[in-house]
Amino acid sequence: MIKFSLTLISSIIIVLGLNNFFGGPKNAGAAPPELVITPFAGPDVTPSPACLAVAATGEVFVGVDMIGSLGKDPDKGRILKLVDKNNDGKMDEHTEFAMVDNPRGIIASGDQVFVLHTTFSKETRKATGMDLVVLDDKNNDGKADGPARPLIQNLSNTKYIQERGTDHATNGIRLGIDGWIYIAVGDFGFHDAVDRSGKKMTMLGGGIVRVRPNGTEMEVYTHGTRNVYDVAIDPYMNIFTRENTNDGGGWNVRFSHHVQSGEYGYPLLFQNFTDEMLPALADLGGGSGTGALYMSEDTWPEKYNNVPMMADWGRSMLYIHRVTPDGPSFTQKEEDFIKLPQITDLDVDGSGRLYLAAWDGAGYSGNPSKGYVVRAVPTNWAYKAFPNVTKASVTQLAAMLKSESAVARLTASQELLNRPAKEAADAALKIAADAKLPLYSRVAGIFTYAQAAGADGIQALVQFTKEDAIREFALKALADRKDYVQNVPSEPFLAGLKDPSVRVQAAAIIGLGRLGRTDAAKALLQTKVPASFVAPAKGTEGPHATPNSAIVLPHLAVQALANLKAVDACVAAIGTENSSLALWALRYMHDKKSVDGLVYFYEQSKDENLRKQILITMARLYREEASYDASWWWGTRPDSHGPYYKAILWKSSPAIASFLIGEWEKAPAANKSFFVDLNARHRMEIPAFGTEEKAIAKNEPKIDLEKIKNQKGQVGKSSIEDVLLAIAKLPGDPVKGKALFSRQGCVACHSISKGEEMKGPFMGQIGSIMNREQIAESILKPDASISQGFATVMITAKKDQTYMGFVTSETATRVVLRNIAGEVFNIKTSDILSRKEMENSMMPAGLANSLSYEELASLVTFLSQQKK
């Protein structure tokens with residue numbers, strides 16, 4: 001279903017056995033005492049629930065996915081509509097709303113249901129891509145009225161969905177109060193996605209994309225994430241995500257605040273170019289982030305309200321992140337909240353009922369007898385019906401924008417947009433202008449007004465920029481729709497750059513980038529660059545998951561300047577007080593004028609520090625990223641050196657090389673190493689500077705796994721069931737377990753710490769993802785389910801060469817493969833004739849046969865303590 005960090009073997013539920021949960025005690029230790037959790041629907045109705053959404057009025061839409069993340073066969077997915085008619089917390093009836101494969105995200109809004117899912121060819125039965133679609137149910141019979149209407153097509157990489165499944169594809173969707181649908185894109189990225197206006201867009205790697213509910217105005221919101229499954233959006237349009245780890249490659253599960261236009265660094269910047277990216281708010285170790293929700297409902301206790309709630313499939317936990325404003329961003333503190341076995345998604349209705357989906361051991365390809373949905377409500381909660389907004393007047397809908405419930409405000413806003421535009425705009429404008437109302441109500445009013453009034457609302461929004469309390473949101477609304485920005489004046493944004501509020505400054509910077517006027521470049525260049533703008537020292541990894549609010553504004557300014565293609569302004573600023581920001585921005589402007597300007601100022605300047613920074617900028621410009629054609633993907637462990645993955649030369653590369661070589665030749669012997677380091681850091685591969693070869697992986701002493709598995713101890717003489725029962729009662733000695741990890745040959749395929757060479761599945765985080773019984777069963781039955789990204793690969797290459805093992809690293813030009821004996825092979829991609837993932841695990845069964853129960857318990861205990 002999604003990118004999981006390690007193998008799922010056991011179908012044992014981590015916290016609540018399904019038999020105990022359905023019909024068992026109300027809370028069963030799954031949630032804090034302030035909540036009551038009840039079973040809503042079991043696996044007989046909702047097996048393998050990959051996603052869910054709840055209508056404001058309480059109808060639950062569940063995406064059943066019997067293909068899972070690695071399955072390839074179609075016609076196994078569906079959207080179910082579940083209804084609790086008597087409001088007792090249990091489903092009373094259900095209908096099959098629509099048949100869709102691999103449902104990954106759902107939004108229920110009025111009589112429309114938006115779904116993100118994989119598409120298949122009826123003829124070939126192969127995946128053809130992913131689409132965001134909308135289905136109507138105007139007669140409210142619980143079934144879609146007809147075929148889905150595509151909003152965006154080709155929203156993932158077809159080649160890799162066919163080859164791997166939907167594990168790194170495009171995922172959750174959520175509607176913001178600004179009326180945009182926000183889409184979590186996995187690092188498959190996409191090529192030539194097309195919206196209903198015919199606009200095409202390509203994105204290399206992951207991030208967040210957004211689109212209007214009518215399928216137009218598709219655009220990238222943020223970029224540089226690994227495998228985000230869902231987004232949480234607060235009432236003020238702050239967006240939060242919890243990502244997935246890259247299995248020991250340095251990018252752990254992380255909690256991030258997404259600022260529009262931000263670059264988040266995966267996989268090209270987060271190690272060696274951290275000065276150029278926005279960092280996450282926290283590195284959370286192992287796990288696998290899934291569904292997300294910002295809870296903002298007045299029916300919930302203050303303790304658990306107004307917080308992002310983030311699901312983690314690997315940890316079987318719903319977390320709360322306490323976010324605290326920090327300049328234009330936040331800091332956070334993570335808290336355990338609700339334990340649920342392999343939780344996949346969550347959503348809340350207008351009456352305050354929270355619904356959560358549990359995958360519950362359904363494996364990588366779905367399971368007809370695993371998975372369920374539960375309901376959670378506060379202990380003192382009493383049902384209060386959510387109104388039928390289609391029957392409400394415009395006045396009543398406007399009053400709902402004052403509600404303390406985010407669901408109520410969003411629902412009212414969407415319904416107002418169905419009413420006569422002038423009536424809706426006038427009603428929303430009154431809410432936006434009422435200074436006595438809470439900020440969340442005024443924000444809802446501003447965004448509703450902006451949508452209803454369109455270009456006619458610009459003047460009123462400009463007036464709102466004169467009021468301190470709502471200036472930030474007025475600026476956001478003014479620049480929100482590129483269809484209207486030609487009529488939006490620059491002055492409010494230029495004034496916003498000098499506002500005392502850094503959040504207003506951020507909105508102004510983003511807005512100027514969206515207005516598209518190069519005359520704003522001079523003002524943007526005045527954004528101060530903090531002392532924290534420092535490239536990591538050679539051989540060190542930069543702080544890519546440490547909050548750094550000071551870097552946000554200059555980062556956004558650089559993104560805006562690059563969007564404006566403000567080459568002339570940036571070149572003119574070289575050597576001035578704005579030089580640092582200008583040179584930073586020029587790193588992304590592959591233009592002959594950039595190169596000529598850099599050379600000119602280098603030759604004119606006597607400031608050695610400035611000349612050094614110009615050389616660095618020239619090195620960054622020597623190559624550029626090749627256009628993405630979706631014929632390749634960087635895999636689960638891409639080379640993360642950066643700054644490019646598939647780097648190519650461009651028309652000014654020869655001039656840059658000539659200039660740099662000339663300066664190297666003139667440099668004294670003591671300074672020549674600077675150019676060598678520059679060449680290695682930016683991977684220019686200019687022969688004159690020499691190359692700095694580093695072994696990607698080294699061979700280790702061979703381990704005789706056959707000898708190990710043929711020894712018969714207590715484990716080898718017993719059934720798996722008896723072994724599992726026995727070690728469940730034994731605590732084990734982790735010190736002995738560590739020794740056994742080496743003695744039993746585990747080190748041939750597994751690393752245990754980040755500093756080691758990466759091999760097969762990373763064991764340094766397994767304890768935060770699997771319990772002791774799951775770990776034991778994965779050792780005893782390695783073929784039961786193969787960890788995603790670590791299938792055995794068979795490569796056939798030129799000169800009759802055949803290789804089989806784990807892919808431990810790959811670049812656009814080379815694949816590094818390690819076999820079961822620990823031998824390492826560097827294979828040029830140009831030599832590869834075929835590459836195929838095998839269905840069986842490379843890890844042989846029987847490696848624990850020689851062990852006693854106590855020894856196996858010790859090995860399992862040692863592994864269960866690995867939670868880095």
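This report describes a predicted model of one protein chain, moving from confidence to cores, a covered helix, salt bridges and unusual backbone geometry.

## Confidence of the model

The protein chain has an average pLDDT of 89, and 90% of the residues score at least 70. Two stretches fall below 50 in pLDDT: one covers residues 1–29, which nevertheless has 114 contacts in the model beyond near neighbours in sequence, and the other covers residues 692–697, with 12 contacts counted in that way. Where pLDDT is low, the predicted coordinates should not be read in detail.

## The nonpolar cores

The largest nonpolar core contains 141 residues, and the members that touch the most other members are Met-309, Ile-338, Leu-354, Leu-356 and Leu-561. At least three residues of this core come from domain 1 (35–246 + 287–378), and at least three come from domain 2 (565–700).

Ile-338 gives a closer view of the surroundings of one such member. Leaving aside neighbours within four places in sequence, Ile-338 is in contact with residues that include Ala-30, Ala-31, Pro-32, Leu-35 and Ile-37, and also with Ser-316, Met-317 and Leu-318. The contacts of Ile-338 further include Leu-354, Leu-356 and Ala-376, and Leu-354 and Leu-356 are themselves among the residues that touch the most other members of the core. Apart from this core lies another, made of 42 residues, among them Phe-114, Leu-151, Tyr-266 and Phe-273.

## Cysteines

The structure holds zero disulfides. Two of the cysteines can be placed by their accessibility: Cys-51 has a relative accessibility of 0% and therefore counts as buried, and Cys-570 is likewise buried, with a relative accessible area of 0%.

## A covered helix

Helix H8, which spans residues 471–478, is mostly covered, since seven of its eight residues are buried. The buried residues of H8 are Arg-471, Glu-472, Phe-473, Ala-474, Leu-475, Ala-477 and Leu-478. What do these buried residues of H8 pack against? Their partners are four other helices, namely H6 (439–453), H7 (458–464), H9 (491–496) and H10 (502–515).

## Salt bridges

The structure holds 36 salt bridges. In one of them Asp-480 pairs with Arg-210, and the closest N and O atoms are 3.0 Å apart. Asp-480 lies in the loop between H8 and H9, while Arg-210 lies in strand E14 (residues 206–211), so this pair ties together parts that are 270 residues apart in sequence. Both Asp-480 and Arg-210 are buried, and the two also belong to a network of salt bridges that links them with Asp-178, Glu-219 and Arg-514.

A further pair is formed by Arg-353 and Asp-349, whose side chains meet in a salt bridge at 2.7 Å from N to O; Arg-353 and Asp-349 are both buried. In another salt bridge Arg-442 pairs with Glu-467, with the closest N and O atoms 2.6 Å apart. Because Arg-442 lies in helix H6 and Glu-467 in the loop between H7 and H8, the pair ties together parts that are 25 residues apart in sequence. The two partners differ in their exposure, as Arg-442 counts as buried at 3% relative accessibility, whereas Glu-467 is partly exposed, with a relative accessible area of 27%.

## Unusual backbone geometry

Most residues other than glycine have a negative phi, and most peptide bonds are trans. Against that background, a cis peptide bond joins Tyr-266 and Pro-267, with omega at about -10°, and Pro-267 is placed in the loop between strand E18 (254–258) and strand E19 (282–283). Tyr-266 has already appeared above, as one of the residues of the 42-residue core. Another cis peptide bond joins Gly-642 and Pro-643, where omega is about 0°; Pro-643 is found in the loop between strand E27 (623–625) and strand E28 (647–649).

Positive phi values occur at Ser-48, where phi is near 50°, and at Asn-140, where phi is near 55°. Ser-48 lies in the loop between strand E1 (35–41) and strand E2 (49–54), and Asn-140 lies in the loop between strand E8 (127–136) and strand E9 (149–153). Are these residues buried or exposed? Ser-48 counts as buried, because its relative accessibility is 0%, whereas Asn-140, at 57% relative accessibility, counts as exposed.

Conventions
Residues are numbered from 1 along each chain as its sequence is written. This is a predicted model: local features need pLDDT of at least 70, side-chain atom pairs count only at pLDDT 80 or more; totals for chains, interfaces and linings use all residues. Side-chain values use heavy atoms; hydrogens and water are left out. pLDDT is the predictor's confidence in each residue, from 0 to 100. Contact means heavy atoms within 4.5 Å. A nonpolar core is a set of buried Ala, Val, Leu, Ile, Met, Phe, Trp, Tyr and Cys residues joined through side-chain atoms within 4.5 Å. Buried means under 20% relative accessible area, exposed over 50%, partly exposed in between (1.4 Å probe, protein chains only). Domain bounds come from an automatic or database domain assignment. A disulfide is a pair of cysteine sulfur atoms within 2.5 Å. Helices (H or I, at least four residues) and strands (E, at least two) are DSSP runs, numbered from the N terminus. A salt bridge is a side-chain nitrogen of Lys or Arg within 4 Å of a carboxyl oxygen of Asp or Glu.
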